[in-house]
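Please open the model in your viewer and keep the sequence panel beside it. The stops below go from one selection to the next, and each says what to look for there.

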Amino acid sequence: MPEHIGLLLLLQDGGSLTAGHLVSLFGAFLRTFFTEFGPRQFFTVGALLFCIGWYGVLVRRNAIAVLMATELMLNGVNVLFVSFNRWWGVKITRAAFTSVEQVLSPVGQIFAIFIIIVAAAEAAVGLAIILLIFRLRKTVNADDMRLLKW
């Protein structure tokens with residue numbers, strides 16, 4: 001029985017949830033997480049990258065650090081696009097000369113490449129704007145850039 005179903009059944013029956021139950025369920029999760037290969041690992045990595053970037057955007061005051069956190073968020077989304085395409089991608093039929101085979105459509109990879117291109121343009125334009133603001137105001141603190149007048 002998967003560990004999350006056991007937790008739901010325990011809570012539905014009105015049973016008490018003790019620390020021992022939580023430790024055993026978390027241990028079962030870790031055992032399967034590090035021994036089985038599947039989409040869960042890629043989704044976890046992508047979500048962690050996105051959450052670290054989100055935290056960086058919310059907490060950081062340096063504009064360059066905010067740009068780096070934005071890049072982390074975009075890379076987390078890239079991991080998710082590619083992994084979704086790998087496990088649940090659209091299958092297309094390709095007939096090459098005599099054989100017909102089912103192949104995965106590269107839609108997730110195409111979206112990831114498009115995001116990489118947009119992220120490179122965003123980094124170039126963002127760094128150019130930050131350098132211009134630094135020349136004029138001698139700071140890259142995001143709190144000091146509230147007004148749009150020069």
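Begin by selecting helix α5, residues 107–137, whose 31 residues should span 45 Å at 1.5 Å a residue, and whose end C-alpha atoms are 44 Å apart, which agrees; the expected span of a helix is taken as 1.5 Å times one less than its number of residues. Helices (H or I, at least four residues) and strands (E, at least two) are DSSP runs, numbered from the N terminus.

Before going further, note that this is a predicted model, in which local features need pLDDT of at least 70 and side-chain atom pairs count only at pLDDT 80 or more, while totals for chains, interfaces and linings use all residues. Residues are numbered from 1 along each chain as its sequence is written, and side-chain values use heavy atoms, with hydrogens and water left out.

Staying on α5, colour Gly108, Ala112, Ile115, Ala119, Gly126, Ile130 and Ile133, which are buried. Here buried means under 20% relative accessible area, exposed means over 50%, and partly exposed lies in between, with a 1.4 Å probe and protein chains only. These buried residues of α5 pack against α4, where contact means heavy atoms within 4.5 Å.

Now move past the end of the helix to Lys138, which follows α5 and has a positive phi, near 60°, a positive value in a residue other than glycine. Is Lys138 buried or exposed? Lys138 is exposed, with a relative accessible area of 62%.

Next, select helix α4, residues 63–88, and find Thr70 within this helix. Thr70 is partly exposed, with a relative accessible area of 23%, and, not counting residues up to four places away in sequence, it touches Val57 and Glu122. If you draw a distance from Thr70 to Ala119, C-alpha to C-alpha, you should read 8.7 Å, although the two are 49 residues apart in sequence.

Further along α4, centre the view on Asn85, which counts as buried at 7% relative accessibility. Which residues is Asn85 in contact with, leaving aside its neighbours within four places in sequence? The partners of Asn85 are Val90, Leu104, Ser105, Pro106, Val107, Gly108 and Gln109, and one of these, Gly108, is among the buried residues of α5 already coloured.

The next selection is helix α3, residues 39–59, which has 21 residues and reaches 30 Å from its first C-alpha to its last, close to the 30 Å expected at 1.5 Å a residue. Colour its buried residues, Gln41, Gly46, Gly53 and Gly56. They cover an arc of only 135° around the axis, which puts them on the same side of α3; the arc is that of the directions from the helix axis to the C-beta atoms. Turn the helix over, and on the other side of α3 you will find Tyr55 and Leu58 exposed.

Phe50 is also in α3, and it is partly exposed, with a relative accessible area of 29%. Apart from residues up to four places away in sequence, Phe50 touches Leu72, Met73, Gly76 and Val77, and its C-alpha lies 7.3 Å from that of Leu74, which is 24 residues away in sequence.

Still on α3, display Trp54, which is partly exposed, with a relative accessible area of 47%. What do Trp54, Tyr55, Leu58 and Val59 form on the surface? Together they form a nonpolar patch with about 460 Å² of accessible area. Patches are made of residues with over 30% relative accessible area and no salt bridge, like charges being joined within 9 Å and nonpolar side chains (Val, Leu, Ile, Met, Phe, Trp, Tyr) within 5 Å. A salt bridge is a side-chain nitrogen of Lys or Arg within 4 Å of a carboxyl oxygen of Asp or Glu, and accessible areas come from the Shrake-Rupley method with a 1.4 Å probe, only the protein chains shown counting as cover for residues.

Finally, zoom out to the whole protein, which has 5 helices and 2 strands and follows the pattern α-α-α-α-β-β-α along the sequence. Buried residues make up 19% of its 150 residues, and its accessible surface comes to about 11,100 Å², of which 72% belongs to carbon and sulfur atoms.
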